[in-house]
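Please take the sequence and the model together, and read the paragraphs below with both in view. They move from one chain to the other and then to the contacts between charged side chains.

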Amino acid sequence: MSETPKIEIRALRKSFGSNEVLKNINLDVAKGGVVALIGPSGSGKSTLLRCINLLVVPDGGSVRVGDTRFSFGEGAKLPDVKSLARFRATTGMVFQHFNLFPHMTTLQNVMEGPVTVRRMAKADADKLARAQLAKVGLAEKADQYPATLSGGQKQRVAIARALAMEPDVMLFDEATSALDPELVGEVLNVIQQLASEGMTMVIVTHEIAFAREVADRLIFMRDGVVVEEGPARQVIDNPKESATRAFLSHFHRTGALPPANAVS
Amino acid sequence: MYQWDFGILWSYRWLFLNGLGVTIGFTIVIVVCGLLFGLLGAFGSLSRFRALRLLALTFIEAFRCTPILVQLIWFYYALPILAGVEMTPITASALALSLYGGSFYSEIIRGGIISIDKGQSEAGAALGMTPGQSMRRIVLPQAIKRMIPALMNQSIIQFKNTSLVSVLAVPDLVYQSQVAAHDSYRPLETYTAVAVAYAAILIPLTIIVRRGEKRLAVSE
């Protein structure tokens, strides 16, 4: 990597009470790179992802996305509310449980960020939101409320909502873990499409076959440390560490992606 | 057997109407001010700052855990001596009832806000909203829907609590009916009529609240 990475994380530490969840994590994501974070539950991968957009404030180390860098730990001042908000506006996040706004229609969900955060005119935001909904294949659901959508559709709306902020990077926090198996494919397809368009992404996932297809780098975490890191195919096909091997033995690692039957 | 004679009350109709007007006006004032105190109390108790949280909780518990009758008398007789401000009975009782109602409204509003899934404000934050924006745009619109039935119930209680201001000689419905009862020597008729008047106003209101609860339950 000759170019400076888009995301740069150094010596990151985080504890919840006496439980140290992240122990000295370093991570680089190149511009346009797709990094998959895998590992058993409790390994710290979701916390690491949430540290990238500072939904979780680290105890030590530094986080840089694009030109904005925050340092944490002794002597470092905690970032104020405004600069945190400005920083988060440049990173999109997709949650395991969608977290769509139930009191708004699909279209209003997608317009909310542009209108409230970017102060975009309603008419422009409407156009942008409809374009994003069309991109995830849900243009005709614009006026429906989230409660009427399937899990896969909800998650695609959540992706459209994040994309409407035109973020530099996208973070996916187990985006398919709460979905029925037959709905996983439609969401993975959208993520794959984003990857092919050159979006910089960090993906926490249990879909090993998907990680192998879409990610160019893979990070295996356990107990708050990075156990193994490398090109996704290499790590999945020939893991060096015994812990990685043990974890991967629980999964089908290759094969086709689940069929995407609802992207239309 | 007692001989009921409600006809005698007709000559006091202007007195009753006057009292009813004061009662309703008083209710409007203490519901509006109470909601204002309630909002302050709720946001204070959810504040990031410890001192504010402590202040809000002290206010809430002080008014929630003492009887309203004691508060009314204390605000009229004790506060002027301690603070050196003279208050009319109306000001003293409006203040006491607003603060008392506010302490209950606080708990309802706070409960409504914390009942909204944390993922909602996280999603707002992830979009780049400040905590204030996500409270206004995301959390409150959902929370208010859940609070409305409880807020309405508390306001009904507030309406009934106004009857206590008669002890400070505020000329509300109960106070005026005391006057009528003494004058006519007909306390049974008078207080029965007053009870009916309160019920006649509150029963339709409770029906509206119950309908509202059902509608909200369906839409969620």
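How many helices and how many strands are there in chain B? Chain B has eight helices and zero strands, where helices (H or I, at least four residues) and strands (E, at least two) are DSSP runs numbered from the N terminus. Read from the N terminus on, the elements of chain B therefore run α-α-α-α-α-α-α-α. This is a predicted model, in which local features need pLDDT of at least 70 and side-chain atom pairs count only at pLDDT 80 or more, while totals for chains, interfaces and linings use all residues. Residues are numbered from 1 along each chain as its sequence is written, chains are lettered from A and ligands numbered from 1 in the order in which they are written, and side-chain values use heavy atoms, with hydrogens and water left out.

Taken along the principal axes, the C-alpha atoms of chain B fill a box of roughly 70 × 50 × 25 Å. Of the 220 residues in chain B, 42% are buried; here buried means under 20% relative accessible area, exposed means over 50%, and partly exposed lies in between (1.4 Å probe, protein chains only). On the surface of chain B, M1(B), Y2(B), W4(B), F6(B) and L188(B) make a nonpolar patch of about 610 Å². Patches are made of residues with over 30% relative accessible area and no salt bridge, like charges being joined within 9 Å and nonpolar side chains (Val, Leu, Ile, Met, Phe, Trp, Tyr) within 5 Å, and the accessible areas come from the Shrake-Rupley method with a 1.4 Å probe, only the protein chains shown counting as cover for residues. One of the patch residues, W4(B), lies in the segment before α1 (13-45) of chain B, and at 45% relative accessibility W4(B) counts as partly exposed.

Chain A brings in strands. For residues 7-248 of chain A, an unreviewed UniProt entry lists "domain: ABC transporter"; such annotations may be inferred rather than shown by experiment, their positions are given in the numbering used here, and feature names are shortened. Over residues 7-248 of chain A the chain is 38% helix and 26% strand, with the end C-alpha atoms 26 Å apart.

In chain A, an open sheet of four strands has the order β2-β1-β4-β5, with antiparallel pairing; two strands count as paired if DSSP finds at least two bridges between them. The edges are held by β2 (19-29) and β5 (68-72) of chain A, each of which has a single partner strand, so one side of each is left without a neighbour in the sheet. Within this sheet, strand β1 (residues 7-16) of chain A pairs with strand β4 (residues 60-65) of chain A in the antiparallel sense over five bridges, and I7(A) stands opposite V65(A) in β4(A).

A parallel arrangement involves three further strands of chain A. Strand β7 (residues 169-173) of chain A pairs in the parallel sense with β6(A) over four bridges, and β7(A) also pairs in the parallel sense with strand β8 (residues 200-204) of chain A over five bridges. L171(A) can be followed through both pairings, since M93(A) stands opposite L171(A) in β7(A) and the bridge partner of L171(A) in β8(A) is V202(A). In the pairing with β6(A), V94(A) stands opposite F172(A) in β7(A).

Which way do the side chains of these strands point? In a regular strand the side chains alternate between the two faces of the sheet. In strand β6 (residues 91-94) of chain A, T91(A) and M93(A) point one way and G92(A) and V94(A) the other way, and all are buried. From β7(A), V169(A), L171(A) and D173(A) point one way, whereas M170(A) and F172(A) point the other way, and all are buried.

The charged contacts come last. Over all chains the structure holds 21 salt bridges, a salt bridge being a side-chain nitrogen of Lys or Arg within 4 Å of a carboxyl oxygen of Asp or Glu. In one of them, E112(A) meets R137(B), with the closest N and O atoms 2.7 Å apart. This pair crosses between chains, from E112(A) in helix α3 (residues 106-117) of chain A to R137(B) in helix α6 (residues 131-161) of chain B. E112(A) is buried, with a relative accessible area of 3%, whereas R137(B) is partly exposed, with a relative accessible area of 38%.

Within chain B, E61(B) and R64(B) form a salt bridge through their side chains (3.1 Å, N to O). These two residues are separated by about one helical turn, because E61(B) and R64(B) are three residues apart in helix α2 (residues 50-64) of chain B. A salt bridge also joins the side chains of E189(B) and R186(B) (3.2 Å, N to O), where E189(B) is buried at a relative accessible area of 0% and R186(B), at 22% relative accessibility, counts as partly exposed. In chain A, salt bridges that share partners join E8(A), R10(A), D28(A) and R64(A) into one network.
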